[in-house]
Amino acid sequence: MALIVQKYGGTSVGSTERIRSVALRVARFHREGYQLVVVVSAMSGETNRLLALAKELSADPNPRELDVIAATGEQVTIGLLAIALQELGLKAKSYTGGQVHVLTDSAFTKARILDIEVAPLRKDLAKGMVVIVAGFQGVDNEGNITTLGRGGSDTSAVALAAALGADECQIYTDVDGVYSTDPRVVPEARRLERVTFEEMLEMASLGSKVLQLRSVEFAGKYKVKLRVLSSFDDPASAATGTLITYEEDDTMEQAIISGIAFTRDEAKISVMGVEDRPGIAYAILGPVADANIEVDIIVQNIGASGRTDLSFTVNRSEYKKALDVLAGETGKGFTAREIIGDNRICKVSLVGIGMRSHVGIAAKMFKALADEGINIQMISTSEIKTSVVIDEKYLELAVRQLHRVFELDQQPHAV
Ligand code: ADP
Ligand code: ASP
Ligand code: MG
C-alpha cells in the first residue's frame with residue numbers, strides 16, 4: 001500500500017473552514033487506498049503572534065522559552081485536523097513532535113533533526129489510521145522542546161517521508177507549485193512542471209521561501225520524491241504541481257535559467273582603508289565568525305598605497321551585532337579608516353543549470369539591470385547561479401526586468 005506524507009502550510013490551515021477542506025482532501029486520498037501521514041503548520045499568522053508576545057516582555061527573549069511558546073501553534077492545528085477527520089468518519093490521531101521523538105540537537109529556534117521514531121506511526125497506519133504530526137517542532141536529548149526555524153514544517157514533512165520511506169512527500173501551500181519567481185512579485189511568473197534538485201536547493205538558499213532550505217537538503221540526501229501543490233485546487237483536478245527531480249534527462253524541459261530568487265534580509269558592511277597585508281581578511285571576519293554571524297558575499301578591493309577595502313554581507317537581523325563586533329576589534333586586530341554599513345540592500349539571483357554550458361548569462365543580466373539604471377553593488381557567482389546586491393528600493397523592478405529579459409514567462413525552447 002502506497003504511503004504519502006502530506007504537509008499543509010499556515011494559509012492552508014488558516015481557519016476551521018480551511019481545516020475542513022484539508023480533511024476532505026486527506027479523506028479522498030484515504031478512500032483511494034493510500035496510507036497517510038499529515039504534517040501541519042500553525043494557522044497563518046499564529047507563529048508571528050506568539051513570538052511577538054514574547055517580545056512584549058523582553059527585547060531578547062530566552063531561545064528555549066521561545067520554542068516552548070512557538071511550538072504551541074502547531075499543537076492546536078494537529079488536534080483540530082484530527083477532529084475534522086474524525087467528523088468525516090476516519091480514524092485519525094495527532095502527535096506532537098516530542099510524542100514521535102523527532103529528536104533534534106539543542107540549537108533552540110533553529111534545531112536540526114537527528115532522528116525520528118517511526119515504529120508507533122507504522123502501527124497506527126497499519127490499523128487504517130491517518131497519522132497527524134505537528135510540523136516545525138522536535139525534542140532534544142534532555143526532553144526540551146525545540147523548533148526548526150521559520151518554515152520548518154517543510155523539513156518535518158520531508159524528514160518523516162525519509163524516515164518512513166514514503167512513496168511521495170507532498171507540500172501543499174497557497175500556490176500551485178514552484179514558479180519561475182515569486183508570483184506575488186511577478187504575476188506573469190510561470191509554474192515549473194519540474195525543477196532539478198540542484199536548482200531548488202539554490203532557489204531555497206537564495207530566498208525562495210516556498211520550501212525551507214533544509215527540507216530540500218533532506219530530500220536530496222534521502223532522495224525523497226518531493227512535490228509542491230496547492231491546497232486551494234479542487235482535489236478532483238488531478239493537478240500535478242511541481243516535482244523536484246534528481247536526474248537531468250533529455251526529455252525534460254531544458255531552460256537555461258529556471259528562476260529568479262531574491263531576499264530582502266540582507267545588510268552590507270564595508271571596512272574601508274584597512275592594511276593590505278596577509279591575514280587581514282581573517283582579522284576582520286574571524287571575530288565575526290566567532291560571534292556566530294554568518295557571512296554571505298565577500299568582496300575585497302585591489303589595494304592601493306598599502307591600504308584596501310573589504311565589504312561583506314550578513315543577514316539583516318545580525319547587522320547591528322556585526323557592526324558592534326567590528327567596533328570592538330578596530331584598533332586591536334586591525335586598523336581601518338572607517339566602517340560603513342547599509343541595511344537597505346537586497347540580493348537578486350538568477351538560477352539555472354543551463355549556466356554551466358552557456359556563456360554570457362551574467363553579462364546579459366548586468367545589461368538588463370543597467371538599462372533600468374540599477375547600480376550593482378556586489379556580484380557573486382557559482383556554477384548555476386549569479387547573484388547581485390542592489391539597493392532594496394529596486395528589488396521589484398530588478399526581478400520584473402530580469403524575468404522579462406530572460407523570457408521566463410515563456411515555455412523554454414529547445415537548447
Ligand atoms: P506555507 O505557509 O504553505 O508554508 P509559504 O508562505 O512558506 O507557505 O510559501 C509559499 C509562498 O512562497 C508563496 O505564497 C509565494 O509567495 C512564495 N514564493 C517565493 N518564491 C516562490 C517561487 N519561486 N514559487 C512559488 N512560490 C514562491
Ligand atoms: N509555523 C512555523 C512558521 O511560521 C513553521 C511553518 O509554518 O513551516 O515558521
Ligand atoms: Mg512555508
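Two strands count as paired if DSSP finds at least two bridges between them. Strands of a sheet pair through backbone hydrogen bonds, either parallel or antiparallel. The model described here is predicted. In this model, six strands form an open sheet with antiparallel pairing. Their order is 14-15-13-16-18-17. Strand 14, residues 295–300, is one edge of this sheet. Strand 17, residues 378–382, is the other. Each of these edge strands pairs on one side only. Neighbouring strands of the sheet are turned against each other by 25° on average, with direction ignored.

The pairing at one edge can be followed in detail. Strand 14 pairs with strand 15, residues 307–315, through four bridges. The sense of this pairing is antiparallel. Within it, V299 has S311 of strand 15 as its bridge partner.

Two helices accompany the six-stranded sheet. Helix 10, residues 319–329, packs on the sheet. Helix 10 touches strand 13 (259–275), strand 15 and strand 16 (338–351). The direction of helix 10 makes about 15° with that of strand 13. Helix 12 covers residues 395–405 and lies across strand 13, strand 16 and strand 18 (385–391). Helix 12 runs at about 120° to strand 13.

A further open sheet has eight strands, and its pairing is mixed. The strand order is 3-6-2-1-9-11-12-10. Strand 3 (92–95) and strand 10 (194–196) stand at the edges. Each has a single partner strand, so one side of each is left without a neighbour in the sheet. Here the average turn between neighbouring strands is 20°, again with direction ignored. Strand 1, residues 3–8, and strand 9, residues 168–173, run parallel. Five bridges join these two strands. V5 stands opposite C169 in strand 9. Helix 7, residues 197–205, lies across strand 10 and strand 12 (242–245). The angle between helix 7 and strand 10 is about 80°.

The model also holds ligands. Ligand 1 is surrounded by 17 residues. The closest are T173, D174, Y179, D182 and R184. By class, this shell has six nonpolar, six polar and five charged residues. Backbone and side-chain atoms both approach the ligand. A polar backbone atom of G10 is 3.2 Å from an oxygen atom of ligand 1. A polar backbone atom of Y179 is 2.8 Å from a nitrogen atom of ligand 1. R184 uses its side chain: a polar atom there lies 2.5 Å from an oxygen atom of ligand 1. Taken alone, ligand 1 exposes 570 Å², and the protein buries 90% of that area.

Ligand 2 has its own shell. The residues around it are S41, A42, T47, E74, F136, R150, G151, G152 and S153. They divide into two nonpolar, five polar and two charged residues. Three side chains give polar atom pairs with this ligand, as follows. In S41, a side-chain N or O atom is 3.1 Å from an oxygen atom of ligand 2. In T47, a side-chain N or O atom is 2.8 Å from a nitrogen atom of ligand 2. In R150, a polar side-chain atom lies 2.7 Å from an oxygen atom of ligand 2. On its own, ligand 2 has 260 Å² of accessible area, of which the protein covers 86%.

Definitions and conventions. Residues are numbered from 1 along each chain as its sequence is written. Chains are lettered from A and ligands numbered from 1 in the order in which they are written. This is a predicted model: local features need pLDDT of at least 70, side-chain atom pairs count only at pLDDT 80 or more; totals for chains, interfaces and linings use all residues. Side-chain values use heavy atoms; hydrogens and water are left out. A residue is near a molecule or strand if one of its heavy atoms lies within 4 Å of it. A polar contact is a pair of N or O atoms within 3.5 Å; within protein, one must be able to donate a hydrogen and the other to accept it, and residues adjacent in sequence count only if both atoms are side-chain atoms. Accessible areas come from the Shrake-Rupley method with a 1.4 Å probe; for residues, only the protein chains shown count as cover. Ala, Val, Leu, Ile, Met, Phe, Trp, Tyr, Cys and Pro count as nonpolar, Asp, Glu, Lys and Arg as charged, and the others, Gly among them, as polar. Axes are lines fitted to C-alpha atoms, for helices over the stretch in contact, and angles run from 0 to 180 degrees between N-to-C directions. Contact means heavy atoms within 4.5 Å.
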